[in-house]
Amino acid sequence: MRILHITNHVQEIGNGIVNVAVDLACLQAKSGLDVAVASAGGEYEKLLANHGICHFQLNQCRTPLNLIKAIWDYRQIIKEFQPDIVHVHMMTGAILAGIFRKNREYHLVSTVHNEFQHSAVLMGLADQVIAVSNAVANSMIRRGIPARKLRVVSNGTLGSPRHKSLQDYQPLALASPSITTVAGMYNRKGIYELIEAFKIVATDFPQAHLYLVGDGPDRPLFEAMAQSTAFSNRIHFEGFQSEPQRYMLATDIFVLASHCESFGLVLTEAREAGCAIIASDVDGIPETLDHSQAGILVPPKDIPTLANALTQLLSDCQLLDQWKFRAQQNLARFSAARVNEETLVIYRELMRLDNIIKVIEPREFANLN
């Protein structure tokens, strides 16, 4: 089986879609399959090469001239690599692989990572569509993707080939109690609500500090917002960190206050690190937190409820420890290896169906004659 993964880039910037694609490629190559990745490139090219994975340059920037070049480059990649499976992880790749496929020369698989985007429906061009949570699958069905095309493969990155083992990370010396989020600096990640909630609890808990780990276009707005508070010296913008595990291992309370979230991969890492977790009760997050068994769920955009949940944990050490313990239970299902195995099952089913069709079609043609 020859597998080609297509993603926009392979940069080490904390992009969950890229991380999942790289994990799959590395694990599939490790199992002896022929694997290639097509993207605009990035830091993970070295990791891919170390796993014997060929990287093809494919710039999918959506300008008219570049798209024409991307079509040409894509067809050359297909001609050279001759994949059995093309697995696309982002919308532009789905269009390239779906529209410019000749005579079903390969099986097309897509993974819907960000179903909240309007363009996510284009992932339905694939023969098989993988949803990273049941919430995503249900949403795609409502948007017209046939249920027969959909398969749920819950996300997971624990044991990732990109990472060291958790015990090999050295925790940072954070202030205690510490509240942390690891997220892109986008409004949809609930950074505004988290800062506002921290402002509410900061007076009653003068030792508490807030750590915002991540980068993005809205960061200047959030920094200006923090500077206007009386607690700016206790709100820390840490930027992108290649080893966020060092923060999680030192964190008391991990918060993901997203407005929308297909799965919340970072929550699995926060669980493994043993953080007490508060997260939005939205989309795939409840599944990631075992439906409130492994973390506290609060309504999205609800600042008072988020502040109240923080207050409960900050004011009760025993309760805090209970939620830290609960976070670390039932983690085996979040392994990258399990994601890979379930994905390979889908590939094999497509290949098996193809073989059946190849046997049946000549017989039917003979019967017609």
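Which residues of H9 are buried? In this predicted model, the buried set in helix H9 consists of Leu265, Val266, Leu267, Thr268, Glu269, Ala270, Arg271 and Ala273. The helix, which spans residues 265-273, is thus mostly covered, with eight of its nine residues buried. Immediately after H9, Gly274 adopts a positive phi of about 85 degrees.

The strands at the N-terminal end of the chain were examined next. Strand E1, formed by residues 2-6, is mostly covered, and four of its five residues are buried. E1 runs parallel to strand E2 (residues 34-39), to which it is joined by five bridges; Arg2 has Asp34 of E2 as its bridge partner. The two strands, together with helix H1 (residues 16-30), make up a right-handed β-α-β unit. E1 also pairs with strand E4 (residues 85-88), again in the parallel sense, over four bridges. In this pairing, Ile6 has Val88 of E4 as its bridge partner.

E2 is in turn joined to strand E3 (residues 54-57) by four bridges, and these two strands run parallel. Ala38 is matched with Phe56, its bridge partner in E3. A right-handed β-α-β unit is made here by E2, helix H2 (residues 45-50) and E3.

Helix H11 comprises twelve residues, 303-314, and extends 16 Å between its first and last C-alpha atoms, close to the 16 Å expected at 1.5 Å a residue. Its buried residues are Ile303, Leu306, Ala307, Ala309, Leu310, Leu313 and Leu314. Viewed down the axis of H11, these buried residues fall within an arc of 160 degrees, so they line one face of the helix. An α-helix has 3.6 residues a turn, so residues three or four places apart point the same way. The cover over the buried residues of H11 includes strands E8 (178-182), E11 (253-256), E12 (276-280) and E13 (296-298), as well as helices H6 (191-202) and H12 (317-327).

Two strand residues illustrate the surroundings of these elements. Ile296 lies in strand E13 and is buried, with a relative accessible area of 16%. Its C-alpha atom is separated by 4.7 Å from that of Ile278, although the two residues are 18 residues apart along the chain. Beyond its neighbours within four places in sequence, Ile296 is in contact with Ile277, Ile278, Ala279, Ala309, Leu313 and Trp323. Of these contacts, Ala309 and Leu313 are among the buried residues of H11.

Thr181 is located in strand E8 and is buried at a relative accessible area of 1%. With neighbours within four places in sequence set aside, the contacts of Thr181 are Ile191, Leu194, Tyr211, Leu212, Val213, Phe254, Val255 and Leu256.

The cysteines were considered last. A disulfide requires a pair of cysteine sulfur atoms within 2.5 Å, and by this rule the model contains zero disulfides. For Cys26, the closest cysteine sulfur is that of Cys54, at 14 Å, which is too far for a bond. Cys26 is nevertheless buried, with a relative accessible area of 1%. Cys260 likewise counts as buried, at 15% relative accessibility.

Technical notes. Residues numbered from 1 in each chain as written. Predicted model: local features only at pLDDT ≥ 70, side-chain atom pairs only at ≥ 80, totals over all residues. Heavy atoms only, no water. Buried < 20%, exposed > 50% of the residue type's maximum accessible area, 1.4 Å probe, protein only. Expected span 1.5 Å × (residues − 1). Arc of directions from axis to C-beta. Contact = heavy atoms within 4.5 Å. Pairing = 2+ DSSP bridges. Right-handed = clockwise from strand over helix to strand, strands pointing away.
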